[in-house]
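Here are a few notes to get you started on this chain. Have a look at the picture first, then read on.

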Amino acid sequence: MSVLDREVVDGIALDENKNELRLLITDHLDWSDEYSHLLALQEKINSYIGFCEGKEYNEFYKDALIEYAIIEIHFKNEPIANAMDFLKQVQQQVNELGIAIECHIS
């Protein structure tokens, strides 16, 4: 499971109040091919947005009343400036869907 497997949720968890869904993206890629890396990241995020909008998480958490979702992206390599700009734009777009983006660097 990784950023390259856009049809797979890398990790999923629910908080103890059963209203916050956390989805994990693991990104092991370096930034030598910036375009391909950003495209893979965009496709994975889009897949997760569809997962949330389609309430596919109900398969795992039937009784949960999800109020919002957080997509945690764990980068092996520090994101470049273009990646951070891209993620800021994505965050603005998904805010209205009740989705937040968090970035972590391993």
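The points below go from the overall fold to the core and then to the surface.

1. First, a caveat: this is a predicted model. Its chain has 2 helices and 4 strands, and they come in the order β-β-α-β-α-β along the sequence. The radius of gyration is 14 Å, close to the 13 Å that the globule rule gives for 106 residues, so the chain is as compact as a globular protein of that length.

2. If you want a feel for the dimensions, the C-alpha trace spans about 45 × 25 × 25 Å along its principal axes. Looking at contacts between residues at least 6 apart in sequence, 73% of them link residues at least 24 apart.

3. Now for the inside. Buried residues account for 37% of the 106 residues. The largest nonpolar core contains 25 residues, and Leu-41, Ile-45, Ile-73 and Leu-87 have the most contacts inside it. At least two residues of this core come from each of β2 (20-27), α1 (34-53), β3 (68-75), α2 (81-94) and β4 (99-105). The largest share, 7 residues, is supplied by α1.

4. Which residues does Ile-45 touch, leaving aside those up to four places away in sequence? They are Ile-25, Ile-73, Phe-86, Leu-87 and Val-90.

5. Finally, the outside and the charges. The accessible surface is about 6,400 Å², and carbon and sulfur atoms hold 47% of it. The chain carries 8 positive and 21 negative charges, and the mean positions of these two sets lie 4 Å apart.

Methods: Residues numbered from 1 in each chain as written. Predicted model: local features only at pLDDT ≥ 70, side-chain atom pairs only at ≥ 80, totals over all residues. Heavy atoms only, no water. Rg over C-alpha atoms; globule rule 2.2 N^0.38 Å. Buried < 20%, exposed > 50% of the residue type's maximum accessible area, 1.4 Å probe, protein only. Contact = heavy atoms within 4.5 Å. Areas by Shrake-Rupley, 256 points an atom, 1.4 Å probe, with all protein chains shown as cover. Lys, Arg positive; Asp, Glu negative; His and termini not counted. Charge placed at Lys NZ, Arg CZ, Asp CG, Glu CD. Core = buried A, V, L, I, M, F, W, Y, C linked by side-chain atoms within 4.5 Å.
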